[in-house]
Amino acid sequence: MQFSFTDEQDEFRRVLRRFLHDKSPPAEVRRLMETETGWEPGLWKELTQTLGLAGLHVPEEYGGQGFGFVELGIALEETGRVLLCAPYFASAVLATSAIMNAASHAQKLALLPGLAAGDSIATLAFAEPNGRWDSTGIELTATPAGGAFRLDGVKSFVLDGQRADLIVVAARSKGSTGDDGISFFTLAGDSPGLERRGLSTLDATRKLAHLEFSGARADLIGEPGGGAFALARTLDAAAIALASEMVGGAERVLETAVEYAKTRMQFGRPIGSFQAIKHKCAELVLEVEHAKSAAYAAASAAAENAEDLPALASLAKACASDAYLRAATDSIQIHGGVGFTWENDCHLYFKRAKSSEAFLGLPSEHRERFLQRSGI
Amino acid sequence: MQFSFTDEQDEFRRVLRRFLHDKSPPAEVRRLMETETGWEPGLWKELTQTLGLAGLHVPEEYGGQGFGFVELGIALEETGRVLLCAPYFASAVLATSAIMNAASHAQKLALLPGLAAGDSIATLAFAEPNGRWDSTGIELTATPAGGAFRLDGVKSFVLDGQRADLIVVAARSKGSTGDDGISFFTLAGDSPGLERRGLSTLDATRKLAHLEFSGARADLIGEPGGGAFALARTLDAAAIALASEMVGGAERVLETAVEYAKTRMQFGRPIGSFQAIKHKCAELVLEVEHAKSAAYAAASAAAENAEDLPALASLAKACASDAYLRAATDSIQIHGGVGFTWENDCHLYFKRAKSSEAFLGLPSEHRERFLQRSGI
Amino acid sequence: MSAITEEDVRSEAGAWLASHWSPELALSEWRRRLADSGWGCPSWPVEWHGRGLSLALGDVVQHEFNRVGALGIPQGPGPTLAGATLLEYASDEQKRRFLRPIITGEDTWCQLFSEPGSGSDLAGLTTRADLDDDGEFVVNGQKVWTTSAHHARYGMLLARSNWDVPKHRGITYFVIDMHQPGVVVRPLRQMNGHASFNEVFFTNARVSSANVIGGVGNGWAVALATLAHERRMNDVRRGAGPAATARGRVYDEYRAETASVMEPYKWYPQRAGRLDLVVERAQATGRDRDPVVRQAIAKLLILARTAEWTARRARAARLLGRPPGPEGSLGKLAASHIARACAEVHTLITGAAAMLARADAPLDGVIAEVLISVPAVSIAGGTDEIQRNIIGERVLGLPREPAEDVGKPFRDVPKNLAG
Amino acid sequence: MSAITEEDVRSEAGAWLASHWSPELALSEWRRRLADSGWGCPSWPVEWHGRGLSLALGDVVQHEFNRVGALGIPQGPGPTLAGATLLEYASDEQKRRFLRPIITGEDTWCQLFSEPGSGSDLAGLTTRADLDDDGEFVVNGQKVWTTSAHHARYGMLLARSNWDVPKHRGITYFVIDMHQPGVVVRPLRQMNGHASFNEVFFTNARVSSANVIGGVGNGWAVALATLAHERRMNDVRRGAGPAATARGRVYDEYRAETASVMEPYKWYPQRAGRLDLVVERAQATGRDRDPVVRQAIAKLLILARTAEWTARRARAARLLGRPPGPEGSLGKLAASHIARACAEVHTLITGAAAMLARADAPLDGVIAEVLISVPAVSIAGGTDEIQRNIIGERVLGLPREPAEDVGKPFRDVPKNLAG
């Protein structure tokens with residue numbers, strides 16, 4: 001396990017932080033979150049073509065940069081810090097991971113270069129209105145139909161699903177249950193038989209869609225019925241990526257609170273000199289540093305494809321969710337009345353934290369999974 | 001439900017508080033807790049004969065004072081405040097409640113006057129080494145034998161069981177399970193076939209015994225096999241009584257912490273002027289007052305034999321346990337190093353709180369029962 | 001004068017209502033009758049539109065009003081805050097000018113206390129009131145968290161009239177006319193999207209010396225009276241009651257008035273956490289079968305019930321005339337814990353759907369609004385930190401912190417830049 | 001002088017061990033060899049019983065010692081605290097008198113800092129040292145929480161020699177002879193029944209001016225050095241390692257020495273919560289099947305693992321010579337959370353048996369000892385409150401509170417009555 005970043009990784013972080021600081025300031029986040037699409041094509045182009053961010057962890061043979069999960073974690077920590085509005089998590093994490101885990105070599109060659117280059121934006125549709133975040137929640141069926149498959153059913157909570165060019169879908173064969181009969185499919189976002197509807201979200205920076213499939217035609221990727229492991233792997237990767245994103249946000253929102261506590265005067269002294277505020281901040285440092293450690297450990301396990309990857313993925317998701325929500329909540333409290341206003345940025349982080357708490361499964365669910373995956 | 005005490009009840013509390021303040025100071029508690037018996041017969045005589053404490057809630061026809069559960073709750077709150085070392089809970093609460101709930105009129109006439117007068121000290125043996133606090137935990141069997149019964153099995157966690165004159169035993173008929181086949185029996189503490197052994201306890205003020213029954217001869221009280229309801233009622237009464245005792249201790253240990261915080265100087269000012277200490281105390285007030293409300297509400301429900309008595313008994317036990325342990329723990333913290341010494345009284349309350357947390361069932365168990373008993 | 005009994009009050013009020021109340025009156029006419037007779041504010045003095053009754057007898061009057069469905073004086077900060085404060089501190093001339101239109105509802109009022117730079121530290125306010133050569137005060141500064149400022153006629157304004165004395169001693173309490181060019185009111189949007197409050201900007205706004213309440217430099221004492229009335233108001237804020245559905249002209253007009261006054265508060269139930277929805281949502285979703293969720297629900301229900309009982313113990317003690325125990329000060333802090341626990345439990349119950357809002361979210365967005373409104377409870381009306389100070393100092397008698405900002409001229413106290 | 005390499009050190013140490021180390025030596029003889037050669041304290045200066053190596057090269061020497069099973073200098077506060085402090089602040093004459101017997105183990109030391117009246121506020125100490133006409137100091141007062149004072153030869157004593165200057169400036173650091181009539185040592189029993197510490201009473205005890213370390217009135221600076229060494233020592237406290245079972249006269253004598261030094265710490269694993277027992281106890285009792293218990297276990301394991309990783313991140317950064325991040329200061333506070341959570345989980349697992357102790361309780365009383373020892377973790381070595389101050393101020397740079405007690409003569413600072 002890697003307990004410090006290399007100089008190259010630190011430099012990558014510095015470059016990316018500077019870039020995002022310039023290109024994704026709060027005013028831009030606020031502008032984009034009010035749009036229906038939720039991102040700016042120009043910035044996406046820069047992120048993918050200048051920085052190569054979408055292909056960071058994609059092997060070079062598929063058009064990526066060939067880095068590992070530690071670098072991906074750094075990228076997500078930085079995008080999380082600034083609440084970047086871009087289809088990065090949907091396309092580069094969810095869809096790309098699903099394809100890397102499920103697809104054949106030929107399919108990867110066909111699909112990944114476009115995603116890695118940012119030319120095409122994809123997402124993964126796996127959860128359904130039942131809100132379960134594993135294979136047992138999948139009810140949408142895939143039926144063979146003339147060399148391809150027809151998909152019938154409903155997907156929900158699909159990240160950037162309303163605007164993605166390509167949808168990767170996790171579906172099951174009729175009559176199968178649990179891990180059996182799970183396969184992945186791809187289809188274009190504007191395919192006939194697919195209706196997409198944007199959902200109203202608690203966190204305006206996280207766009208979600210409801211997708212209804214009525215015989216939409218889709219192509220199988222990977223082996224038919226053998227997708228359960230790829231799905232589990234993909235969700236583990238997603239959990240670790242989300243944990244990285246969350247600790248970036250948590251660290252930033254804590255910094256904001258500390259900065260405010262140093263300058264805000266009440267009763268003739270900075271509020272940060274009062275123990276009520278100072279000790280709250282101290283506990284937050286502890287919790288946020290612990291969550292960072294969890295995200296780093298999990299990313300490191302993913303990079304090394306370690307045996308405890310599934311356990312650490314759940315550990316990191318649970319730990320980072322709790323830390324982020326607490327940091328964002330306490331930051332509002334430390335800001336007092338102004339922290340509850342729309343014009344202050346606290347609520348953007350708070351809503352992101354609250355939404356991330358539920359995304360991919362609640363902390364309590366991941367704690368249970370952490371124990372099971374640890375053999376306890 | 002009664003939300004304030006009557007003038008008579010307040011006066012009763014004042015008299016009792018003054019008495020216990022004089023007769024059960026910390027030095028006396030420390031002396032008695034180091035003895036094997038754990039109480040002082042002279043003080044027991046005063047408590048029962050002068051104050052009539054043991055028969056407080058026993059009807060007058062059975063030699064008691066005929067008061068209700070609210071008065072009993074006040075008595076326990078006050079004994080809890082001073083960590084009174086006496087077989088009060090064992091004899092006046094557990095054994096007396098069991099007899100009142102289970103016995104026939106004639107049996108009550110035979111048994112209660114002696115207990116109410118304090119001439120005889122009884123206890124209730126119901127839990128066993130499995131540590132379950134309801135009828136499912138009862139494995140000890142009662143077998144009819146020549147007009148009486150023979151008891152075989154083991155009881156544990158028996159309060160003041162090593163010294164009690166009379167043991168009330170909850171047992172089951174052979175082959176029965178759950179609520180079926182439960183009956184109550186009485187036998188003398190020095191009966192043949194009964195071996196008693198004092199247990200080492202975390203809290204030296206709470207004496208517990210391990211009782212082994214090998215064909216000990218005992219008398220049935222109440223109907224054979226119909227004791228489950230009486231047992232449940234008795235345990236509800238015990239839970240409420242314990243909650244009352246706990247809130248008395250919690251309030252006192254909080255007072256101690258506040259007194260210390262007002263006088264202890266560090267950095268040139270009383271430590272209670274620091275928000276870290278002040279806010280801890282404020283949260284404790286909230287929690288202790290809530291626990292008092294819970295204990296009062298439950299006692300009031302018991303006094304009125306209200307429908308929600310079982311739910312409120314569990315509510316009060318859970319709530320008072322949490323409040324007491326937190327108050328005692330935080331009191332040690334507020335006292336700092338001296339709070340961890342043997343000579344300071346904090347640990348007496350802490351150990352009482354810790355022991356009370358487990359006694360009659362953990363808070364989490366009672367929370368679950370509270371929901372079930374509330375129809376949720 | 002012999003003591004007035006409950007029965008006296010009941011029959012007198014009943015008789016007056018029988019001859020004066022009618023659902024078909026215009027609301028303004030009914031309010032005039034209330035002001036003329038004193039039955040609208042029975043505990044106010046006889047010479048100031050009241051009947052000089054005790055608070056307990058006032059409750060008897062209220063009961064008679066409820067019995068026949070008769071309406072009372074307007075809700076909102078006018079009567080409860082401004083009226084009560086003026087009764088205590090205003091001159092007779094001021095009472096003559098201001099009190100009656102408060103009762104009749106002609107004038108609505110707003111409270112101009114909090115500032116961006118002084119939240120918990122209200123006495124650290126920096127809005128300035130400078131006496132000019134004409135004997136008028138010129139007001140400059142900014143207020144915030146003002147409810148209903150956009151339709152208020154008058155504001156209860158705290159401003160600093162002297163910077164050379166310690167903070168509490170340089171404050172003056174004014175009644176300011178909100179309808180003047182130097183006063184600009186802007187809505188303030190909160191994180192849950194509602195805009196229940198206003199910011200109020202003063203740029204050379206003017207207020208006459210005749211509108212100083214309680215004397216120049218004595219504003220802090222007057223403000224404390226207003227704040228005490230505000231806490232009491234929070235204890236008893238109610239909905240429209242039977243008037244919500246009753247028929248008649250007076251009710252229609254009253255509902256319109258109430259809807260306007262109550263508009264800023266419509267998310268308050270969500271802010272408090274919607275405890276009422278917890279069990280039914282858990283059962284509807286089947287989450288009531290998860291032992292982990294059950295523990296969280298049980299903890300929440302126990303907290304809420306014990307808080308309620310604690311408040312009732314405090315009320316019972318007050319009614320018996322006993323010295324108030326610690327229970328009274330605890331409600332606000334308990335409400336904060338309850339709201340936060342509600343949000344946690346609603347999240348546990350809601351799961352993935354907690355990511356959604358409005359029509360796509362459970363109960364048409366009510367749960368989502370809970371999640372993003374609850375953070376206000378531990379801030380508004382005094383933060384949890386301030387409540388813990390109050391409990392520690394006033395209930396437990398713990399010593400105050402050394403003060404950096406009292407005992408020297410306010411001019412020299414470190415403070416936030418005006419903003 | 002050319003740079004010494006790891007390989008140089010390894011071979012030199014190896015050669016020396018080959019010719020000087022033997023398990024059959026008397027421990028005192030072995031320690032003499034260590035003191036003569038400098039291999040016992042390789043990072044101390046050559047002129048003071050060391051070899052002047054860097055800390056990293058010192059680790060290489062340690063590694064060579066471990067490889068052949070050779071023992072080191074004594075554990076305990078002598079070498080790590082007193083030795084290190086004396087090296088930094090003592091005069092050559094003092095170093096000559098005190099250092100060598102520390103290394104050989106002839107003299108053991110104790111630390112006389114904390115007082116009943118000054119816990120968190122160490123610099124508020126009131127033990128007095130008054131210079132008498134003979135040029136000796138006369139010491140009166142009381143110290144507490146002293147480990148091993150009953151068999152120590154010397155004490156590192158902080159006492160107030162000047163009451164007319166601010167608190168930090170009137171303190172002097174002494175080496176006091178514990179074997180004198182004016183010094184009385186009493187065991188101090190803790191709530192868990194152990195008596196690991198002492199109270200030390202001074203009644204006209206005497207200490208020569210020649211035993212002042214670092215100058216009269218400069219004791220606070222010297223104390224800070226000792227405290228820094230103490231924190232480092234806490235990072236690396238170890239058991240006896242392979243010496244626990246190895247055979248030979250020197251090992252036997254070492255084990256006896258270690259047992260005596262380590263006796264006060266035997267409940268420390270219980271104080272830390274016995275995390276190691278949680279999962280096996282849960283499985284053994286079947287409580288691992290309760291979802292509520294499982295959540296508590298998972299929270300605890302996650303806390304403990306992330307705390308461990310955080311400490312390793314801090315160490316990795318130090319080894320890379322990077323500026324220390326916030327991770328370093330967090331371990332103590334995390335340990336406190338872990339211990340408390342352990343006690344909660346052990347209670348959940350243990351149920352009714354949590355009422356029992358000693359032989360009647362689970363694991364022969366180990367769990368009971370956890371429950372009544374854990375409260376010490378958040379107090380000993382700096383309370384949680386002090387740790388949060390440190391993190392807030394030193395890590396986050398938040399401003400300090402206004403100080404009531406610095407900048408004026410200590411005589412005038414409100415303080416606890418001597419007790």
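**Stop 1: where chain A meets chain C**

Start by selecting the contact between chains A and C: 34 residues come from chain A and 40 residues from chain C. Bear in mind as you go that this is a predicted model. On the chain A side, colour strand 8 (265-266), helix 9 (309-335) and helix 10 (346-358), the elements that each give two or more residues to the surface touching chain C. Which of the elements gives the most? Helix 10 of chain A does, with seven residues. Now recolour that side of chain A by class, and you should find 16 nonpolar, 13 polar and five charged residues.

**Stop 2: chain A as a whole**

Next, select chain A by itself and switch to a cartoon view. There are 11 helices and nine strands to pick out in chain A. Turn chain A along its principal axes, and its C-alpha atoms fill a box of roughly 75 × 45 × 40 Å. The radius of gyration of chain A is 21 Å, which agrees with the value near 21 Å for a compact globule of 376 residues. Of those 376 residues, 65% count as buried. If you have a contact map to hand, look far from the diagonal: among the contacts in chain A with a separation of 6 or more, 74% join residues 24 or more positions apart.

**Stop 3: a glycine in chain A**

Stay in chain A and zoom in on Gly181(A). You will find Gly181(A) in the loop between strand 4 (166-173) and strand 5 (182-188) of chain A. Is Gly181(A) buried or exposed? With 21 other C-beta atoms within 10 Å, Gly181(A) is buried, because the cut-off for a buried residue is 20 or more. Show its surroundings next: apart from neighbours within four places in sequence, Gly181(A) is in contact with Arg172(A), Ser173(A), Ser176(A) and Gly225(A). For a distance label, pick the C-alpha atoms of Gly181(A) and Gly227(A), which are 46 residues apart along the chain and separated by 7.5 Å.

**Stop 4: a positive phi in chain B**

Move over to chain B and select Phe267(B). Its phi is near 55°, a positive value in a residue other than glycine. Phe267(B) sits in the loop between strand 8 (265-266) and strand 9 (269-270) of chain B. Phe267(B) counts as buried, since 22 C-beta neighbours lie inside 10 Å.

**Stop 5: chain C and its tryptophan**

Now bring up chain C, where the cartoon has 13 helices and eight strands. The box filled by its C-alpha atoms along the principal axes is roughly 70 × 60 × 45 Å. For 419 residues a compact globule would have a radius of gyration near 22 Å, and the 23 Å of chain C agrees. Of the 419 residues of chain C, 49% count as buried. Residues 24 or more positions apart make up 70% of the chain C contacts with a separation of 6 or more.

Within chain C, select Trp145(C), which lies in strand 3 (residues 136-147). Trp145(C) is not a glycine, yet it has a positive phi of about 60°. Its 24 C-beta neighbours inside 10 Å make Trp145(C) count as buried.

**Stop 6: chains C and D together**

Add chain D to the view and select its contact with chain C: five residues come from chain C and five residues from chain D. The chain C side of this contact has three nonpolar, one polar and one charged residues.

How can chain C be laid on chain D? A turn of 180° with a shift of 0.0 Å along the axis does it, with an RMSD of 0.1 Å. The two copies are therefore related as by a two-fold rotation axis. To find that axis, centre on Val292(C), the residue of chain C that comes closest to it, at 2.7 Å (C-alpha). The copies meet through the same surface, because 100% of the interface residues of chain C are also interface residues in chain D.

**Stop 7: a helix pair in chain D**

Finish in chain D with helix 11 (residues 331-350) and helix 13 (residues 384-395), which pack at an angle of about 145° with their axes 9 Å apart. Their crossing is left-handed. Show side chains for Lys332(D), Leu333(D) and Ser336(D) in helix 11 of chain D, which meet Asp384(D), Gln387(D), Arg388(D) and Ile391(D) in helix 13 of chain D. Coloured by class, the residues of this contact are two nonpolar, two polar and three charged.

Terms used
Residues are numbered from 1 along each chain as its sequence is written. Chains are lettered from A and ligands numbered from 1 in the order in which they are written. This is a predicted model: local features need pLDDT of at least 70, side-chain atom pairs count only at pLDDT 80 or more; totals for chains, interfaces and linings use all residues. Two residues are in contact if their C-beta atoms, placed from the backbone, lie within 7 Å. Helices (H or I, at least four residues) and strands (E, at least two) are DSSP runs, numbered from the N terminus. Ala, Val, Leu, Ile, Met, Phe, Trp, Tyr, Cys and Pro count as nonpolar, Asp, Glu, Lys and Arg as charged, and the others, Gly among them, as polar. Axes are lines fitted to C-alpha atoms, for helices over the stretch in contact, and angles run from 0 to 180 degrees between N-to-C directions. A crossing is left-handed if the near helix is turned anticlockwise from the far one by less than a right angle, and right-handed if clockwise. The radius of gyration is taken over C-alpha atoms; the globule rule is 2.2 Å times the number of residues to the power 0.38. A residue is buried if 20 or more other C-beta atoms lie within 10 Å of its own, exposed if 12 or fewer, and partly exposed in between; C-beta atoms are placed from the backbone. Copies are superposed by least squares on the C-alpha atoms of residues with pLDDT of at least 70 in both.
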